[in-house]
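Work through the following exercises with the model open beside the text. Each task is followed by a solution in steps.

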Amino acid sequence: MDLIFFGGQSNMEGQTECVPLDTAPVDGALEYRYKTREFIPLAHPVGEDIPPLCPANYGFGSLLPDFCRTYVRYSGNKVAAVHAARGATNIDEWQPDTELYQKAVEKQRAAIIDLGQKPEHIYYVWLQGESDAIRGLSGDEYLEKLTILKNALKRDCDIDKFAIIRVGYFAGDDADEVIMNAQERAAEIDPDFIILTRITAALTKNSDYINPEAAGHYNNRAMLLLGTDAGYALATVGGDAPAGICQG
């Protein structure tokens with residue numbers, strides 16, 4: 001059994017246009033619910049309201065089910081998912097001394113305890129940076145604070161890898177690329193970081209994959225592609241994609 005934590009802002013939280021058509025539980029995958037201290041079958045909608053953490057917006061879609069379905073298929077391992085995200089958050093709000101970080105770690109530590117067995121792997125999957133692009137944060141500062149976050153999670157939750165779904169275009173200008181490049185630099189200089197996918201950039205430039213009610217936020221069609229791509233990448237740690245898997 002592997003344990004995967006999912007953190008970040010609204011596109012990780014899930015801010016799609018409706019409930020996905022497929023709400024069946026994912027074979028081999030569980031989701032941890034902190035309020036009841038139990039693991040339940042992983043299915044839409046994911047997450048729970050534990051302030052300041054938020055569930056998928058309006059109980060709609062997210063990338064977790066498609067991510068975990070693909071991860072189970074290609075890793076051969078069962079997986080337990082922990083959703084710990086909040087929309088509209090910048091990197092400062094995820095630093096170790098913040099309420100948001102501490103609540104996320106509280107949930108994550110409880111999941112480790114309640115799993116009842118030592119996970120074979122513990123991963124943290126991150127999709128965040130849109131708010132930092134909007135405020136024009138420098139790449140150096142983003143990278144510094146991302147590294148502080150990663151080191152804290154290694155210490156507090158014993159993660160094996162900090163896996164990044166590279167941020168897409170949200171601010172709509174070069175500021176997005178500043179954050180993208182900082183995330184790329186993280187993976188280049190520190191083996192604790194890995195980039196899972198870059199298809200976010202193309203998805204955010206194509207209206208077919210955007211929630212019409214929330215500019216810059218992925219719809220369910222995009223979440224399927226994004227979750228599948230990123231889940232495959234984590235399961236295979238950079239292997240060649242088979243037919244039907246979108247890599248970018």
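**Exercise 1. Helix H2**

Which residue just after H2 takes a positive phi? The model is predicted, and the solution should be read with that in mind. Also check the span of H2 and list its buried residues.

Step 1. Just past the end of H2, Gly76 has a positive phi of about 80 degrees.

Step 2. H2 has 12 residues, so at 1.5 Å a residue it should span 16 Å. The C-alpha atoms at its ends are 16 Å apart, in agreement with that value.

Step 3. The buried residues of H2 are Leu64, Pro65, Asp66, Phe67, Cys68, Thr70, Tyr71 and Val72.

Step 4. An α-helix has 3.6 residues a turn, so residues three or four places apart point the same way.

**Exercise 2. Arg69**

Is Arg69 buried, partly exposed or exposed? Place Arg69 in its element and give its contacts.

Step 1. Arg69 belongs to helix H2.

Step 2. Its relative accessible area is 31%. Buried requires under 20% and exposed over 50%, so Arg69 is partly exposed.

Step 3. With neighbours within four places in sequence left aside, Arg69 contacts Asp22, Ala24 and Val26.

Step 4. Pro25 is 44 residues from Arg69 along the chain, and the two C-alpha atoms are separated by 9.4 Å.

**Exercise 3. The largest pocket**

What lines the largest pocket, and which helices each supply at least two residues of the lining?

Step 1. The volume of the largest pocket is about 180 Å³.

Step 2. Its lining consists of Pro20, Leu21, Asp22, His44, Ser62, Pro65, Asp66, Arg69, Asn220, Met223 and Leu224.

Step 3. Helices H2 (64-75) and H8 (220-236) each supply at least two residues of this lining.

Step 4. Sorted by class, the lining has five nonpolar, three polar and three charged residues.

**Exercise 4. His44 and the loop between S3 and H2**

Is His44 buried or exposed? Find the cis peptide bonds that involve Pro45 and Pro52.

Step 1. His44 sits in the loop between S3 and H2, and it is one of the residues lining the largest pocket.

Step 2. With a relative accessible area of 12%, His44 is buried, because the cut-off is under 20%.

Step 3. Neighbours within four places in sequence aside, His44 contacts Pro20, Asp22, Thr23, Phe60, Gly61, Ser62 and Pro65.

Step 4. The bond between His44 and Pro45 is cis, with omega about -5 degrees. Pro45 lies in the loop between S3 and H2.

Step 5. Pro52 is also in the loop between S3 and H2. The peptide bond from Pro51 to Pro52 is cis, with omega near 5 degrees.

**Exercise 5. Strand S2 and its partners**

How many bridges join S2 to S3, and in which sense do S2 and S4 pair?

Step 1. S2 covers residues 29-33, and four of its five residues are buried, so the strand is largely enclosed by the rest of the structure.

Step 2. S2 pairs with S4 (residues 79-85) in the parallel sense, over three bridges. Leu30 stands opposite Ala80 in S4.

Step 3. S2 and S3 (residues 38-41) run antiparallel and are joined by four bridges. Here Arg33 is opposite Glu38 in S3.

Step 4. S2 and S3 form a hairpin with four residues between them.

**Exercise 6. Positive phi outside glycine**

Where are Arg37 and Ala88 found, and how accessible are Arg37 and Ala88?

Step 1. Arg37 is in the loop between S2 and S3. Its phi is near 50 degrees, a positive value in a residue other than glycine.

Step 2. At a relative accessible area of 40%, Arg37 is partly exposed.

Step 3. Ala88 is in the loop between S4 and helix H3 (99-115). Its phi is positive, about 60 degrees, although the residue is not a glycine.

Step 4. Ala88 has 63% relative accessibility and counts as exposed.

**Exercise 7. Helix H6 and strand S7**

What covers the buried residues of H6?

Step 1. H6 (residues 174-189) has 16 residues and reaches 23 Å between its first and last C-alpha, close to the expected 22 Å.

Step 2. Its buried residues include Ile179, Met180 and Ala186.

Step 3. The cover includes strands S5 (122-127), S6 (161-165) and S7 (193-197), and helices H4 (130-134), H5 (139-157) and H7 (200-204).

Step 4. In S7, five of five residues are buried. S6 and S7 run parallel, joined by four bridges, and Phe162 stands opposite Phe193 in S7.

Note on methods
Residues numbered from 1 in each chain as written. Predicted model: local features only at pLDDT ≥ 70, side-chain atom pairs only at ≥ 80, totals over all residues. Heavy atoms only, no water. 1 Å grid on protein atoms, 1.4 Å probe; cavity = no way out; pocket = protein on both sides within 12 Å on 5 of 7 lines; lining within 4 Å. Points joined across faces, edges and corners; volume = space filled by probe spheres on them. Nonpolar A, V, L, I, M, F, W, Y, C, P; charged D, E, K, R; others polar. Buried < 20%, exposed > 50% of the residue type's maximum accessible area, 1.4 Å probe, protein only. Pairing = 2+ DSSP bridges. Contact = heavy atoms within 4.5 Å. Expected span 1.5 Å × (residues − 1).
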